[in-house]
Amino acid sequence: MMSNSELFSRRTALRSISSGFGYLAFAAMADQQVRAEKKTDSAAPGPLAAKEPHFAARAKRVIFLSMRGAPSHVDTFEYKPQLTKDDGKEGKVGRSRGRLLGSPWEFSQHGESGLWISELMPEIATHADELCLLSGMHTDLPAHPQAQVQMHTGNHQFVRPSLGAWTLYGLGTENANLPGFIALNPGNGTAQHFGSSFLPAIYQAARFGAASGRRNSPRRRRSSGRQESVPNIKNPRLEADLQRLQLDYVQKLNRAKLRRDVHQPEVEGVIESFELAFRMQDKVPDLMDLSDESEKTLELYGVDGSATDQFGRQCLLARRFVEAGVRFVELSHSNWDHHRNLSEDLPARCNEVDRPIAGLLADLKRRDLLKDTLVIWAGEFGRTPHAQGGDGRDHNNKGYTTWMAGGGVKGGFRYGATDPHGYEAVMGKMHIHDWHATILHLLGLHHEKLTYNHAGRDFRLTDVHGVVAKKILA
Amino acid sequence: MKMRSHPFLTGVLSLSATGLLLAQDQEVAPSAEEVKFFEEKIRPALVEYCYKCHSADEKIKGGLQLDTREGLRHGGDSGPALELDKPEESLLWTAITWQDEDYEMPPKKKLPASVIADFRKWIEMGAPDPREGERVVIKTGIDIAEGREFWSFQKPEKRKAPVVKATDWPHSEVDRFLLAALEEEGLTPAGDAGADVLLRRLYFDLTGLPPTPEEFESYGTAWRRDPVAAYRAKVDELLSRTQFGERWGRHWLDVARYAESSGKETNMTYPHAWRYRDYVIDSFNEDKPYDQFLSEQIAGDLLEVESDEDWQENLIATGFLALGPKGLNERNGRQFALDLADEQIDVTTQAILGLTVACARCHDHKFDPIPTVDYYALSGIFQSTRTYFGTINLAVSRRGTKLLELPVEDEEPMDTMSAREMAFVKERLSEAEEDLVEMERTARENRRTGGNNNAQQQILRLRRTVTTLRARLNGVDSDGVAKTLAMGVQDYPRPVEPTVLVRGELDRPAQEVPRGFLQVMAHEETPEPLPPDGSGRLQLAQWLTSPENPLTARVMVNRIWQKLFGQGLVTSTSNFGTTGKAPSHPELLDYLAVRFVEDDWSVKSMIRELVNTKAYQMSSEFNRGAYLKDPANALLWRFTPRRLDAEALRDAMLCGSGEIDLERPLGSMVSRTGDTVVGQRLSPELLNRQVTYRSVYLPFVRDSLPESLALFDAADPNLVTGERESTNVPGQALYLMNNAFVLRRGDVMAQRLLEEAEETEEQIRLAFKLTYGRRASTLEVEQGREFLWSFTAAAVKKGEEREKAESQALGVFCQGLLASAEFRYLN
């Protein structure tokens, strides 16, 4: 591995070259530099160096759109005509009883594939032929915290590395100047969703926009040209070479501590995060500045000050990140827990994400990135076909729908199904472990071979479970 | 066939006897003749043939309950019993006529033909059922007696420490429990930690601050004379410092989800929450017995007191129940009240009992033996309690309440308005009120004439002004002196007997249940029934703090253990239920719980006992063999190294620079800002303003914690936080490298070094003591010098004056130490 001073000189060289180029050209060069480093110095690759997958990957990167609170599948992506027919009747719902609530929204067929999609997602529906709907999903528990943790780590009982951390561990990153795993707007109390657990600390997500929910008030957004910037990204006093001197000294102290402590993964994490932070200072401000995007592009994502603005920005940032070589980006959108007020709140939530997501798919497609970018849309579980309080739905972990697009999945395809009312998965059943196995497979990773030895035992994301859903592979 | 109106089409709302029930299916009342038929033919038949398996008093097989109209219509697991538009296909009909092999009812003997004929006639009449108001009864599928078998519901027993082989190792009983477990696994404990390492650990654990260089030196002297005596004396000294309460009070504030704003959609400030914060800190400093501490928080307003001061303290304590997150924009007042009670149940049971009882709101607890009826029994206690949390009512915030006016005035009032200021506010208020009346008139006229109606925005703005100014005036007495207000609770005059709600839904009431506690933890001292003239909170407090309660003491000693040893004996510190983790040392946990109660619930005694153990004083030295056997260090073969938490990190920086202000500030930044929406007057800039008092006094508002806390995993006050996260992300590195707060601390620390030490070498040595709490090695001094020299040279080369470059170098050096791993971690 290069020493820090060598790294620095390479960086200065690149920076001077970059002054005449656009940002992406620079990013691509940094990318090549990393690959070159990998080839010439493969004996000692850094933990983030790009690695070969187990077999030919269909997807190189992931954008995970996490819908926190669990959107209703029977009102969005799972058409249940029988439920509509049986509206008001009593439905079989396991131990409890309930009056069925047919979706108040119309479903219609879209694209050549004729996938049925609800009127709540009109723009995503225009990409029907890209979507692979997974309608046989199920998970262990109908409780938000556990289900969210399980969706991210496979295990709701113990602290385990998250899907993104495993991905980064398996594949490394394409751009050493950026975190390989980024969580945008992750929300409070979600550290476990993005954590690395026993994997080295460097594989956990860098969380952007987490410190303050209100930092990006509309007023602030308008007034600053640099939107959604990362706090503390620039030292107000020191130029980079002087700061590098300081950092070299700090790292010397850190390495000495690591030597004394013998085994201290957290200190290793400190050392690596300093290096990454140092490199990020250079890259991130440009990357997060949307001012070089055309009006048309902003419009495509719904970045227009309306209800779609916030998630639109996130989607656009996600595209910029993956384009720059970030391996795994997760976006979060909250408030999908519609026990009440379904008829007003669900359309509002759908409206906030529909255009941004459609924009993202369109943009990835036109940049020829969709073919090897896996876009995943999922809540932590689904909702009951029966009503709660007349205008709401309860939690349902037994059957629900998520979808994937791009990255080697069959488009215009529905895999699996729930019973006629949408309560329980009956066909093409896909547990979270299967879902994880399939995602890793698309990334060229064998879920049984992607292991990490922790305390004498090989751990994997899927524990002892997981079946790849081969039928959804394009 | 004559059909009655479809029950789902005529959703007329009606109030039931309790004034709460929204009837779902209001249908045409049965005629006298129909009622007669039902009472003479159908009811007796149901009672005779069906109730045995399908009624609230017997069993509810297959989820089918036939003793109420709702139950019969609703049906069971197989669907509705009656289909009024397809009577022939009704399950009730096919079952009693034995048409379906799987559903032949009654199963043993077919009904007499005459009864079947009566049912046929009755169904043809449209199944008139006069049993209105006979409610659905929720029954539980939980076997309480069986649930009680789980370890955590068994009363802790006094245990004797086991025999160990290495008899010279243990200092105490606790050590023997630990050592026995290690020996069983063939593991040996690590050696003793060095004096410096142990001192730094002890200081941070007990006070959240590092030792000063003077303390470091004087302890070293005492330790060389008599290490054991020096250590024990230091423990006692630190326990008696006010900084102890600030450290341990913060741990409780994590658990109590303390915050100074409502969070959720509106996020209004709670300007008086700080009184609870100070109460908690003072309670830990006084070593208030934990049972009393809990009683005050649950029922302080109901405890007997001898002085106004005591009463004041007890009232403030009930802020525990008042300062949770709230959805202030909820339109339905009843829903809000139930959600409030739910949040109170959640925090009380998680914080004190380590149980997630709130999961039982909609259905029996999925994992623990807590039936829904228990939830509502508890909910009744809180529904009979009025919560005073303040907040002003704006368009987006409609549920504000009054605050408690305290009996004793503040010595230093929070806010005093001069006569001039008061006159000014009054004038502005009356102007705004007049403008509002005027604007509302304009709006009405515009509406009538169909004219442009942009007056609405103006009205909202004026209403906001009026509300805010009124709140400001209400906060002071006639002399302009701020009233002493607090958040807290009081009993309603008459308690509510709670109604169980089907799946927690407001409009689906089931039976009433008496107020009460959790059946699985009923013990001899459980009062039953609760008195009719109070909410029952006093009895709840007594029940929680009874020595018979199996969880309260266990949960607290485990919390204390976790803060001192890095992980709990039960690692899921707020979940002692079946989905929680089993204790690593069950007998030790029992031993500690019993001892805690015997020692009059003294938190300080418990901490003293634990830090005086040999185990606490072990080094954190790594041991590969032990690691492979026990990677999580659950058995404590060494001391677990850990990170300083957010508050300790920030405070330690201020200690390094010598700026820390150990005085408690009056109130908080939030109280000085007053009632507002977080993000408006209480801006991110204000929340992150550089101040030098201890971190526990920083503004702690939901979803907008100061960066110095949020980045380093401070507790999210939307949740009960027993264990904090420990993330390691580049955002933290960026903060330490670039944030103005950290840069400033480096500068001030450099200034201090220049003032307190003359030679560069001495400055470097002092810097190491200030940050790492140890002496610098010769090599480290040399490396420090080299850094200062090379940085200065580089800066000079860039055109900086030598003197300036040198002083900058020293600041950068200090900041570097504050950012480094050794400063941020405890060994």
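Student: Among contacts in chain B between residues at least 6 apart in sequence, what percentage join residues at least 24 apart?
Tutor: This is a predicted model. In chain B, count contacts between residues at least 6 apart in sequence. Of these, the share that joins residues at least 24 apart is 67%.

Student: What percentage of the residues of chain B count as buried?
Tutor: Chain B has 827 residues. Its C-alpha trace spans about 110 × 85 × 60 Å along the principal axes. The secondary structure comes to 33 helices and eight strands. The buried share of chain B is 49%.

Student: Is helix 12 of chain B mostly covered or mostly uncovered, and how many of its residues are buried?
Tutor: Helix 12 of chain B runs over residues 290–299. Its buried residues include B:Tyr290, B:Phe293, B:Leu294 and B:Ile298. B:Asp291 and B:Glu296 are buried too. The helix is mostly covered, and the buried count is nine of ten.

Student: Which helix of chain B gives the most to the side that touches chain A?
Tutor: The contact takes 58 residues from chain B and 56 from chain A. Elements giving two or more residues to the chain B side include helix 23 (624–629), helix 31 (778–797) and helix 32 (802–819). The top contributor gives eight residues, and that is helix 28 of chain B.

Student: How many residues on the side of chain B that touches chain A are nonpolar?
Tutor: Split that side of chain B by residue class. Eleven residues are charged and 19 are polar. The nonpolar count is 28.

Student: Which helix gives the most to the largest nonpolar core?
Tutor: That core has 309 residues. Those with the most contacts inside it include A:Ala318, A:Val329, B:Val357 and B:Met487. A:Ala318 touches A:Ile63, A:Leu184, A:Val329, A:Leu331 and A:Leu360, leaving out residues up to four places away in sequence. Ten residues of the core come from the top contributor, helix 9 (residues 265–288) of chain A.

Student: How many residues are in the other core, the one with B:Trp122?
Tutor: This core lies apart from the largest nonpolar core. Among its members are B:Leu91, B:Ala95, B:Ile96 and B:Trp122. Its residue count is 17.

Student: How far apart are the C-alpha centres of domain 2 and domain 4 of chain B?
Tutor: In chain B, domain 2 covers 255–409 + 488–545, and domain 4 covers 645–693 + 705–716 + 729–827. Their contact takes eleven residues from each of the two domains. The domain 2 side divides into four nonpolar, six polar and one charged. The centres lie apart by 41 Å.

Key:
Residues numbered from 1 in each chain as written. Chains lettered and ligands numbered in written order. Predicted model: local features only at pLDDT ≥ 70, side-chain atom pairs only at ≥ 80, totals over all residues. Buried ≥ 20, exposed ≤ 12 C-beta atoms within 10 Å, placed from the backbone. Helix = DSSP H or I, 4+ residues; strand = E, 2+ residues; numbered from the N terminus. Contact = placed C-beta atoms within 7 Å. Nonpolar A, V, L, I, M, F, W, Y, C, P; charged D, E, K, R; others polar. Core = buried A, V, L, I, M, F, W, Y, C linked by C-beta atoms within 7 Å. Domains from an automatic or database assignment.
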